[in-house]
Amino acid sequence: MSEGICYLVGAGPGDPGLMTLRGKECIELADVIVYDYLSNAEFLAWAKPDAELIYAGKKSKDHAIPQGGINQLLVDRAKEGKVVTRLKGGDPLVFGRGGEEAEELRDAGVAFEFVPGISSSIAGPAYAGIPVTHRDHCSQLTIFTGHENPEKMESSIDYDQIANSPGTKVMLMGVERLPIITGKIIEAGGDPELPVALVRWATTGQHRTITGTLATIAEVAEREEFKAPAVAVFGTVVNCRKKLNWFEERPLRGKRVVVTRTRKQASRMSKQLRELGADVLEMPTIRITRPEGKDSKEFAKAVVDAYTYDWLIFTSPNAVEHFFEAYYAVFEDARAIGGARIVAVGPGTAAKLKEFHVATDLMPETHVADAIPEAFAKKFGSVENMTMLWPRAKEVGDGLAKGLNEAGVILDEVIAYQTIPETEDPTGAVKRFQEEGADFITFTSASTVEGFLDLGLSIPDETAIASIGPVTSRALVENGYDPDAEAKSSDIPGLIAAVVELANEEPFEGDLED
Ligand code: SAH
């Protein structure tokens with residue numbers, strides 16, 4: 001049996017982009033992942049499909065697994081010869097108890113590695129536009145925990161030192177004790193006018209900052225109902241925020257946007273939304289699978305015979321992907337496609353074709369399947385007796401086939417993939433959506449709408465609905481939901497632009513890649 005190992009990995013403060021490359025590797029390698037409340041649940045999508053995922057997180061008082069149990073779990077699994085990745089918010093060794101866990105592992109003779117992460121103590125201020133050190137302000141930085149009970153007889157926090165030593169002070173934990181803590185600091189001689197900032201859920205879509213002074217911040221926090229998790233920054237560097245605030249100026253800042261695409265397809269859309277400041281909730285409602293049984297045989301035959309057709313019709317990026325993956329499993333030469341020409345329903349499908357180095361010969365003006373017969377008529381007049389192959393989803397409307405048949409096309413349809421409702425929820429997204437709601441929900445196909453309804457979910461009135469195009473909007477309307485916005489161009493950038501316009505009530509002029 002190979003020997004196990006435990007990686008103690010810092011998952012950063014929440015923004016997935018702040019995970020280290022080594023951290024990602026450790027997630028990909030893991031047989032077992034033990035993760036915390038604060039680490040971003042979406043990292044779990046990098047795990048091997050059969051990895052065991054164990055939630056050990058804690059919200060202040062409610063401990064999912066007591067610390068002793070976590071240590072034992074890490075030791076036991078590693079001793080079974082497994083690769084165990086223990087994910088912790090921020091850095092594992094900055095108030096993360098990584099040191100204690102490593103001691104237990106060492107005592108038990110289990111190999112371990114520390115993988116440092118970006119600590120919220122640094123990243124929180126940075127995302128609030130506050131440099132923790134700055135030559136004009138300070139040359140010293142203190143990081144302390146406010147978790148300690150300051151009323152206890154022998155506090156290990158030296159309030160005198162915090163009040164009187166120079167430089168920036170950063171406090172983790174203990175926001176709920178701010179009135180006592182700031183009181184103690186002022187009592188020990190701290191300047192009541194000293195600027196203080198609190199950054200909550202720093203670097204995530206829920207990121208929020210409030211500012212005040214040593215004398216006022218506790219009151220501001222109470223008024224604003226500002227709760228954990230938050231980082232507190234004490235020091236004149238807080239003033240830099242007036243000039244350096246950057247993250248909080250983004251167009252979707254603080255807005256939660258639900259992405260219902262398949263897990264595999266969600267990531268690019270989510271990334272772009274996050275870059276605009278959104279709190280993205282990936283809640284896939286559908287999953288794409290290969291055709292089965294008779295469908296599968298017919299599809300395989302059609303792929304082999306594709307070169308015999310005049311035209312190949314693609315009405316979704318999924319169809320392109322499934323077709324060309326099957327195609328290159330059979331042929332080793334791109335030229336095996338022969339003289340077949342290609343029609344793509346829209347830019348997303350054309351972009352996917354391009355990934356396989358296949359150019360598009362025809363695209364309808366409106367990017368819906370039913371517009372394809374007219375596009376043919378406009379360009380070629382008659383297409384009578386032309387042979388066409390349409391590798392498609394199992395579930396499609398009948399407009400395209402009808403239109404082509406009426407035009408005298410000899411059309412073959414085969415099923416390239418099927419869409420089934422996504423029933424797994426490893427990141428707890430469905431629960432979060434039900435409990436906390438969202439500002440926007442996006443639908444990228446009629447099937448995402450159907451998958452959503454199959455999950456037994458409903459859209460609350462306060463959640464605005466954005467649809468990628470007319471077919472998706474129709475599916476929504478048929479099910480009693482009126483979309484609040486429909487993308488002007490039926491692709492992901494169009495959909496994101498529609499969300500931004502809804503959020504800001506003005507046209508969006510940013511640049512997005514498809
Ligand atoms: N090891 C972590 C700290 C763990 S202690 C790190 O290096 O960041 C937990 C405390 O960290 C919370 O109470 C809060 O003060 C802070 N914290 C962690 N993530 C945070 C975030 N995204 N935003 C604000 N504070 C955060």
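Is Trp201 buried or exposed? In this predicted model, Trp201 is buried, at a relative accessible area of 16%. The residue turns up in the loop between β10 (195–200) and β11 (208–213), and its backbone is a bit of an oddity: phi is positive, about 45°, although Trp201 is not a glycine.

Glu225 does something along those lines with its backbone, taking a positive phi near 50° in a residue other than glycine. Glu225 counts as exposed, with 60% relative accessibility. Its place is the loop between α7 and β12. That loop, between α7 (217–223) and β12 (230–234), also holds Pro229, and here the peptide bond from Ala228 to Pro229 is cis, with omega near -5°.

On to the interior. In soluble globular proteins, nonpolar side chains tend to be buried together. The largest nonpolar core here has 26 residues, and those touching the most other members are Leu312, Phe314, Phe323, Phe324, Ile337, Leu353 and Leu389. Helices and strands both chip in: α10 (293–305), β16 (311–314), α11 (317–330), β17 (341–344), α12, β18 (387–393) and β19 (410–421) each supply at least two residues of this core. The top contributor is α11, which gives five residues.

Not every nonpolar side chain is tucked away like that. Phe95, Ile122, Leu141, Ile143 and Met173 make up a nonpolar patch on the surface, and together they have about 380 Å² of accessible area. Of these, Ile122 sits in helix α4 (residues 120–127) and counts as partly exposed, at 39% relative accessibility.

Now for the charges. Side chains of opposite charge can pair when their charged atoms come close. The structure holds 30 salt bridges, and a few are worth walking through. Lys82 and Glu80 pair up through their side chains at 3.0 Å, N to O. Both ends of this pair are partly exposed: Lys82 has a relative accessible area of 27%, and Glu80 comes in at 39%.

Two other pairs sit within helices. Glu275 and Lys271 form a salt bridge at 3.5 Å, N to O. They are four residues apart in helix α9 (residues 263–275), so about one helical turn separates them. Glu275 is partly exposed, at 46%, and Lys271 is partly exposed too, at 49%. In helix α12 (residues 347–355), Lys352 and Glu355 are three residues apart, again about one turn of the helix. Their closest N and O atoms are 3.2 Å apart, and the two form a salt bridge. The two ends are covered unevenly, though: Lys352 counts as buried, at 16% relative accessibility, whereas Glu355 is partly exposed, at 48%. Helix α12 thus shows up in two settings, with this salt bridge and as a supplier of at least two residues to the nonpolar core.

Salt bridges also go beyond simple pairs. Asp36, Arg86, Lys88 and Glu101 are linked in a network of them.

Finally, some charges of like sign gather. Glu395, Glu450, Asp454 and Glu478 form a patch of negative charge on the surface. Within this group, Glu478 belongs to helix α17 (residues 470–478) and is exposed, with a relative accessible area of 62%.

Conventions
Residues are numbered from 1 along each chain as its sequence is written. This is a predicted model: local features need pLDDT of at least 70, side-chain atom pairs count only at pLDDT 80 or more; totals for chains, interfaces and linings use all residues. Side-chain values use heavy atoms; hydrogens and water are left out. Patches are made of residues with over 30% relative accessible area and no salt bridge: like charges are joined within 9 Å, nonpolar side chains (Val, Leu, Ile, Met, Phe, Trp, Tyr) within 5 Å. Accessible areas come from the Shrake-Rupley method with a 1.4 Å probe; for residues, only the protein chains shown count as cover. A salt bridge is a side-chain nitrogen of Lys or Arg within 4 Å of a carboxyl oxygen of Asp or Glu. Lys and Arg count as positive and Asp and Glu as negative; His and the chain ends are not counted. The place of a charge is taken as NZ of Lys, CZ of Arg, CG of Asp or CD of Glu. Buried means under 20% relative accessible area, exposed over 50%, partly exposed in between (1.4 Å probe, protein chains only). A nonpolar core is a set of buried Ala, Val, Leu, Ile, Met, Phe, Trp, Tyr and Cys residues joined through side-chain atoms within 4.5 Å.
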